[in-house]
Structure formats: structure tokens, C-alpha cells
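Visitor: I am new to this structure. Could you show me how to read it, one feature at a time?

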Amino acid sequence: MAAWYGWIQLVHLACAILFVGAVSFEVLILESLHRHLGHDEMARLEELVLRRARRVMPLAVLLLFASGFAMFAVRCPDFACMDTRFGALLGLKVLLAFGVLGVFLSAMWAGLRGRMSPCRFRYTHRIVFVLMVGIVFLAKGMFLL
Ligand code: HEM
């Protein structure tokens, strides 16, 4: 394995922690505040969270995908691993990651156009949360199963 691989892996893991951590915070902590805050207060809070997330997350997501592609090229050059169990699980993981990217980009776009309602905000994060849990299990499962 190339000497740089471990560093790229570290970048990938750090960005994954940042991204998965932010989504987990929104689904498991922020959502519970609905019970305590009125609709307008909640909408304002979510707007502020989204504004901050738009500053931090794009770089983390960019580095996450760039490092993912770099490691993919080493682990599975020319898609040669795809007919193995490892390759199938890795392929599924990448597919789910693209699902996350699609949902993430459409949410960003909706936010920029002022079309992110608290309801859409909540469901977007729940979908991304479920996909993320799948990705993390596949990321480790592909080495264990
Ligand atoms: C939402 C996006 C993603 C998340 C949350 C994510 C998360 C993770 C995590 C947690 C690991 C385990 C790292 C470790 O234990 O050191 C991992 C490994 C890996 N990921 Fe991702 N990943 C994402 C996207 C991608 C993409 C788009 C690709 C490739 C195109 C990719 C390719 C890989 C590869 C090849 C490994 C194995 C690294 C190794 O241990 O050698 N990932 N990913």
C-alpha cells in the first residue's frame, strides 16, 4: 500500500466523522427541540444551523469524496474487485454515498432558494441519517464479512 494511503484514510475518516456527526446531531438532538420551541423559533434555529452548515460542510464533503475516490483507485483498480464480496459491499457503499450526495445537494439548493421548510429539513436529515448508518456499517463490514 502506498505511503500516502494512511493519510488519505485519515482525511476520509475525519471528514466522515464531521459529516455523520453533524447529521446525527440534527436528527438525534436538534429535532427533539420541536417539543420545546414554537414553529417560528424552530424555523429560525434551523435557518441558522443551515447557514453555518453551508460554510463548513461543502469542504468536508468535497474532501470526503476526493479521498474516497483516491482510496477506491488503490483498493479496486479498474473496478477489478467488483466481482468479490469486498467489491460488492464497497460498490454498495459508494452507491449509498452518491445517494447522500444527491440529497445533500438538493437540500443545499432548496436552502439557497429559500425553499427549505422545517418539515423538509427534518425528512432530509432522517433520510441522510439512515443512509449514513448503512455506509458506516458497509465501510467496516466490507473488511469483516
Ligand atoms: C457519505 C459519504 C461517505 C462516508 C460517510 C464514508 C465513510 C467511510 C468510513 C467511516 C470508512 C472507514 C474508514 C476507516 O475505518 O479507516 C470508509 C472507508 C472507505 N471509503 Fe468511504 N465514505 C463515504 C464516501 C466514499 C466514497 C464516495 C468512496 C469512493 C468513491 C469511498 C471509498 C472508501 C474506501 C475505498 C474505503 C476503505 C478505506 C480503507 O480502509 O482502506 N467512500 N468510508
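**Reading a helical model**

Guide: Let us start with one residue. With 19 C-beta neighbours inside 10 Å, Gly111 counts as partly exposed. A residue needs 20 or more to be buried, and 12 or fewer to be exposed. Keep in mind that this is a predicted model.

Visitor: Where is Gly111 placed, and which residues does Gly111 touch?

Guide: Gly111 sits in helix H3. Leaving out residues up to four places away in sequence, Gly111 touches Leu50, Arg54 and Met116. Leu28 is another story: 83 residues separate it from Gly111 along the chain, and their C-alpha atoms are 21 Å apart.

Visitor: Let me step back. How many helices and strands does the protein have?

Guide: Count the elements, then read their order. There are four helices and zero strands. From the N terminus on, the order is α-α-α-α. For the overall extent, take a box along the principal axes. The C-alpha atoms fill one of roughly 55 × 25 × 25 Å.

Visitor: What share of the contacts joins residues 24 or more positions apart?

Guide: Set aside contacts with a separation under 6. Of the rest, 79% are between residues 24 or more positions apart. Burial is a separate count: 17% of the 145 residues are buried.

Visitor: How do I check the length of a helix such as H3?

Guide: Compare its span with the expected one. H3 has 28 residues and reaches 41 Å from its first C-alpha to its last. At 1.5 Å a residue, 40 Å is expected, so the two are close. Just after H3, Gly114 takes a positive phi of about 70°.

Visitor: Which residues of H3 are buried, and what covers them?

Guide: The buried ones are Leu90, Lys93, Leu96, Ala97, Val100 and Ala107. Their cover includes H2 and H4.

Visitor: Where does H2 bend?

Guide: To find a bend, compare the helix axis before and after a residue. H2 bends by about 40° at Arg54. A proline, Pro58, follows within four residues. Arg54 is also one of the residues that Gly111 touches. As for burial, Glu46, Leu64, Ser67 and Gly68 are buried in H2. Their cover includes H1, H3 and H4.

Visitor: Which residues touch the most other members of the largest nonpolar core?

Guide: That core has 15 residues, and the ones to look for are Phe19, Leu96, Val100, Val128, Leu131, Met132 and Ile135. H1, H3 and H4 each supply at least two residues of this core. H4 gives the largest share, six residues. Now pick out Ile135. Beyond residues up to four places away in sequence, Ile135 touches Lys93, Leu96 and Ala97. Those three are among the buried residues of H3.

Visitor: Now the ligand. How many residues surround it, and which are the closest?

Guide: Read the shell residue by residue, then by element. The ligand is surrounded by 21 residues, and the closest are Ala16, Gly68, Met71, Ala97 and Ala139. Two or more residues come from each of H1 (5-28), H2 (39-75), H3 (85-112) and H4 (118-144). H2 gives the most, with seven residues.

Visitor: What is the make-up of that shell by class?

Guide: It has 17 nonpolar, three polar and one charged residues. Two of the closest residues have come up before: Gly68 is buried in H2, and Ala97 is buried in H3.

Conventions. Residues are numbered from 1 along each chain as its sequence is written. This is a predicted model: local features need pLDDT of at least 70, side-chain atom pairs count only at pLDDT 80 or more; totals for chains, interfaces and linings use all residues. A residue is near a molecule or strand if its C-beta atom, placed from the backbone, lies within 6 Å of it. Ala, Val, Leu, Ile, Met, Phe, Trp, Tyr, Cys and Pro count as nonpolar, Asp, Glu, Lys and Arg as charged, and the others, Gly among them, as polar. Two residues are in contact if their C-beta atoms, placed from the backbone, lie within 7 Å. A nonpolar core is a set of buried Ala, Val, Leu, Ile, Met, Phe, Trp, Tyr and Cys residues joined through C-beta atoms within 7 Å. The bend at a residue is the angle between axes fitted to the seven residues ending there and the seven starting there.
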